[in-house]
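Colleague: I am new to reading protein models and would like a close look at a single part. Could you pick one residue and then walk me outwards from there?

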Amino acid sequence: MPDRAVEKALENFRGDGGRTVLVAAGKAAWQMAAAAVRVLGRVDDGIVITKYDHVKGDIPGVECREAGHPVPDENSFSATELALEKVRTLEQNDTVIFLLSGGGSALFEKPLIPGEELQDITKQLLACGADIVEMNTIRKRLSGVKGGRFAQACMPARVFAIVLSDILGDPLDMIASGPAYPDSSTCEQAESIVGKYHLKLSEQAQALMKEETPKELANVTTQITGSVRELCEAAKQAASKLGYEPVLLTDELCCEAREAGSMMASILRTHAKDGKRLCYIAGGETVVHLTGKGKGGRNQELALSAASGIAGLGNACVFSVGSDGTDGPTDAAGGYVDGDTVERLREKNLDVFSVLGDNDAYNALAAVGGLIVTGPTGTNVNDVAVALLD
């Protein structure tokens with residue numbers, strides 16, 4: 001949870017005597033903002049922009065707005081414009097406390113092209129399986145706040161950014177597309193991604209691919225507060241307490257969800273007769289190529305992809321969850337399968353491979369009690385997949 005991390009980051013904070021404005025964007029924005037106001041006592045103005053159903057109550061001095069994710073909507077645009085209004089008139093001795101977490105790319109957005117086209121480009125990137133770095137390289141160039149442009153808008157005020165990382169390796173210019181960090185990506189890289197995935201762009205969007213983003217920002221201090229490495233370490237500790245021998249496979253998982261699920265199943269088959277209680281952990285963020293029109297998320301698809309590989313094993317299971325509690329455009333955090341899942345699906349006239357072909361893991365897992373539903377957790381540090389042998 002981000003509370004303690006935000007509290008620690010702010011415990012030595014001292015303003016310059018001017019106004020303090022809080023701007024929080026991302027899936028963990030409400031949780032982070034509530035913690036920040038508790039530490040600071042008060043702020044002069046502020047706004048939270050987070051995903052629908054993620055606001056848990058009022059925060060003194062702070063407006064709370066909910067908006068679209070993973071595709072930005074009109075609420076994303078209007079809330080971001082309000083945030084810009086709050087910082088435009090700041091002076092040199094003022095400070096912007098900028099709290100950033102995963103999901104900010106969709107939630108914190110001022111498009112430089114029509115909103116409908118930005119939504120279409122986002123859907124194209126999601127459907128073709130582009131990874132988060134590729135997606136953000138494109139989105140930065142279509143935005144008035146990404147790629148360091150929000151920090152530019154705050155000048156001459158100082159920006160103190162606290163970042164909850166949801167990208168492998170913690171690249172600050174890529175987390176939520178780096179609104180307050182100099183951009184390391186180039187126009188050449190952006191144009192290469194457009195070509196790689198055959199993205200359909202208007203002439204206006206094509207021209208923006210050729211406009212460079214800020215490479216230096218002198219008014220920003222940034223501190224990272226959490227990452228998937230900590231998530232995996234916490235998973236190891238929990239497994240140990242439950243009597244399992246934990247094995248960290250990776251904290252940089254970045255392949256296709258179906259490949260990851262198949263890999264986890266293969267590992268379980270290899271060790272199924274070892275006679276040990278084993279827990280294999282893989283943290284990161286997989287991708288999904290959309291081939292159907294079903295409902296699901298990458299964690300649900302990963303879990304379902306493991307079902308055939310462990311079918312018939314009485315001592316094995318695989319589950320995968322998003323740390324934010326929401327996997328794709330669903331109300332589930334992820335999915336669970338075990339050695340009986342394939343047979344239970346068959347009893348419902350459902351075939352694993354057909355379901356995966358239609359990207360309909362949500363409805364299939366719901367039919368056999370395989371959804372993991374936690375509700376929004378107030379944090380976001382990638383995903384964790386777990387394979388257990390008991």
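Modeller: Happily! Please keep in mind that this is a predicted model. Let us start with Thr225, which has 12% relative accessibility; buried means under 20%, so Thr225 counts as buried. You will find Thr225 in strand β6, which covers residues 220-226. Apart from neighbours within four places in sequence, Thr225 is in contact with Ala5, Ala9, Ile162, Val163, Leu164 and Glu230. These contacts give us several paths to follow.

Begin with the strand itself. β6 belongs to an open sheet of 6 strands, and the order is β3-β2-β1-β4-β5-β6 with parallel pairing. The edges are taken by β3 (63-67) and β6, each with a single partner strand, so one side of each has no neighbour in the sheet. On average, neighbouring strands of this sheet are turned by 15 degrees against each other, with direction ignored. As general background, strands of a sheet pair through backbone hydrogen bonds, which can be parallel or antiparallel.

Further into the sheet, look at strand β1 (residues 20-25) and strand β4 (residues 95-101). They run parallel and are joined by 6 bridges. One place to look is Ala25, which stands opposite Leu100 in β4.

Next comes a helix. Helix α1 (residues 3-10) lies across β4, β5 (158-164) and β6, and it runs at about 150 degrees to β5. Remember that Ala5 and Ala9 are among the contacts of Thr225.

Ile162, another contact of Thr225, leads us to the largest nonpolar core. This core has 39 residues, and those touching the most other members are Leu10, Leu22, Val48, Ile59, Leu99 and Ile162. Helix α2 (residues 29-40) supplies the largest share of the core, 8 residues. Leu22 is a good residue to click on here: leaving aside neighbours within four places in sequence, Leu22 is in contact with Ala33, Ala36, Val37, Val43, Asp45, Gly46, Ile47, Ile97 and Leu99.

Now go back to Thr225 and follow its contact with Glu230. Helix α10 spans residues 228-241 and packs on another sheet, where it touches β7, β8 and β12; the direction of α10 makes about 165 degrees with that of β7. That sheet is open and has 6 strands in the order β7-β8-β12-β9-β10-β11, with mixed pairing. Its edge strands are β7 (245-253) and β11 (371-372), each pairing on one side only. Helix α12 (residues 298-307) lies across β7, β9, β10 (334-338), β11 and β12, and runs at about 10 degrees to β10.

Where does β12 (residues 383-389) stand in terms of burial? 7 of its 7 residues are buried, so this strand is largely enclosed by the rest of the structure. You can check both faces: Asp383, Ala385, Ala387 and Leu389 are buried on one side, and Val384, Val386 and Leu388 are buried on the other. Strand β8 (residues 278-284) runs antiparallel to β12, with 7 bridges joining them; for instance, Ile281 has Val386 as its bridge partner. Strand β9 (residues 316-322) is also antiparallel to β12 and is joined to it by 7 bridges, and here Ala316 is partnered with Leu389.

So, starting from one buried threonine, Thr225, we have visited the parallel sheet that holds β6 and the mixed sheet that holds β12.

Conventions: Residues numbered from 1 in each chain as written. Predicted model: local features only at pLDDT ≥ 70, side-chain atom pairs only at ≥ 80, totals over all residues. Heavy atoms only, no water. Buried < 20%, exposed > 50% of the residue type's maximum accessible area, 1.4 Å probe, protein only. Helix = DSSP H or I, 4+ residues; strand = E, 2+ residues; numbered from the N terminus. Pairing = 2+ DSSP bridges. Core = buried A, V, L, I, M, F, W, Y, C linked by side-chain atoms within 4.5 Å. Contact = heavy atoms within 4.5 Å. Axes fitted to C-alpha atoms, helices over the stretch in contact; angles between N-to-C directions.
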